[in-house]
Amino acid sequence: MNRERLYQVIEAPQVSEKATNGADQRRQHVFRVARDADKREIRKAVEHIFSVEVERVQVLNVTGKNKRFGAIQGRRKGWRKAIVRLKPGHDIDYAGMEG
């Protein structure tokens, strides 16, 4: 797998109250990932980009919400979420990263 693909797999960290609690209590981090990424690619991308060891990866598809603005109806875009559990002794520090 080439390095370009690894950087395309992880789109962004998903920061929410639930994701932060998971990171604190269970060493889990949540990422938005490419729609066509599989668990093996996600594991390799996280290990390469953040220099950590991954214990487990769970993936789910989040469907977009139906929205309405007056008489105009629309739908938000769906996305793919990856919940990555790190091995004991490893952690990801987002504060030290450049964006």
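This passage walks through the sheet, the helices packed on it, one buried alanine and two pockets in a predicted model.

The sheet is a good place to start. Four strands make up an open sheet, and reading across it gives the order β1-β2-β6-β3, with antiparallel pairing. At the edges sit β1 (10-13) and β3 (54-62); each has a single partner strand, so one side of each goes without a neighbour in the sheet. Going from one strand to the next, the twist averages 30°. At the β1 edge, three bridges tie β1 to β2, the two running antiparallel. Within this part of the sheet, A12 stands opposite R32 of β2.

Two helices lie across these strands. α2 (17-26) crosses β2 and β6, and its direction makes an angle of about 140° with β2. α3 (39-50), for its part, lies across β1, β2, β3 and β6, running at about 120° to β3.

Between β2 and α3 there is a loop, and A37 is part of it. Is A37 buried or exposed? With a relative accessible area of just 2%, A37 counts as buried, because the cut-off for that label is under 20%. Once neighbours within four places in sequence are set aside, the contacts of A37 are R5, V9, I42 and R80. As for A12, the residue met above opposite R32, A37 lies 25 residues away from A12 in sequence and 14 Å away in space, C-alpha to C-alpha.

That leaves the empty space. The largest pocket holds about 230 Å³. Its lining is made up of Q14, S16, K18, A19, G22, R26, Q28, V30, L60, W79, K81 and I83. Two or more of these residues come from each of α2, β2 (28-33) and β6 (79-86). The top contributor is α2, which puts in four residues. Sorted by class, this lining comes out as five nonpolar, four polar and three charged residues.

The second largest pocket has a volume of about 170 Å³. Here 13 residues form the lining, and those nearest the centre are A19, T20, A23, H29 and Y94. A19 also appears in the lining of the largest pocket. At least two lining residues come from α2 and at least two from β2. Once again α2 gives the most to the lining of this second pocket, with four residues. The class split here is seven nonpolar, four polar and two charged.

Terms used:
Residues are numbered from 1 along each chain as its sequence is written. This is a predicted model: local features need pLDDT of at least 70, side-chain atom pairs count only at pLDDT 80 or more; totals for chains, interfaces and linings use all residues. Side-chain values use heavy atoms; hydrogens and water are left out. On a 1 Å grid over the protein atoms alone, a cavity is a set of points where a 1.4 Å probe fits but cannot get out, and a pocket is an open set with protein on both sides within 12 Å along at least five of seven lines; lining residues have an atom within 4 Å of a point. Grid points are joined across faces, edges and corners, and a volume is the space filled by probe spheres set on the points. Ala, Val, Leu, Ile, Met, Phe, Trp, Tyr, Cys and Pro count as nonpolar, Asp, Glu, Lys and Arg as charged, and the others, Gly among them, as polar. Buried means under 20% relative accessible area, exposed over 50%, partly exposed in between (1.4 Å probe, protein chains only). Contact means heavy atoms within 4.5 Å. Two strands pair if DSSP finds at least two bridges between them. Axes are lines fitted to C-alpha atoms, for helices over the stretch in contact, and angles run from 0 to 180 degrees between N-to-C directions.
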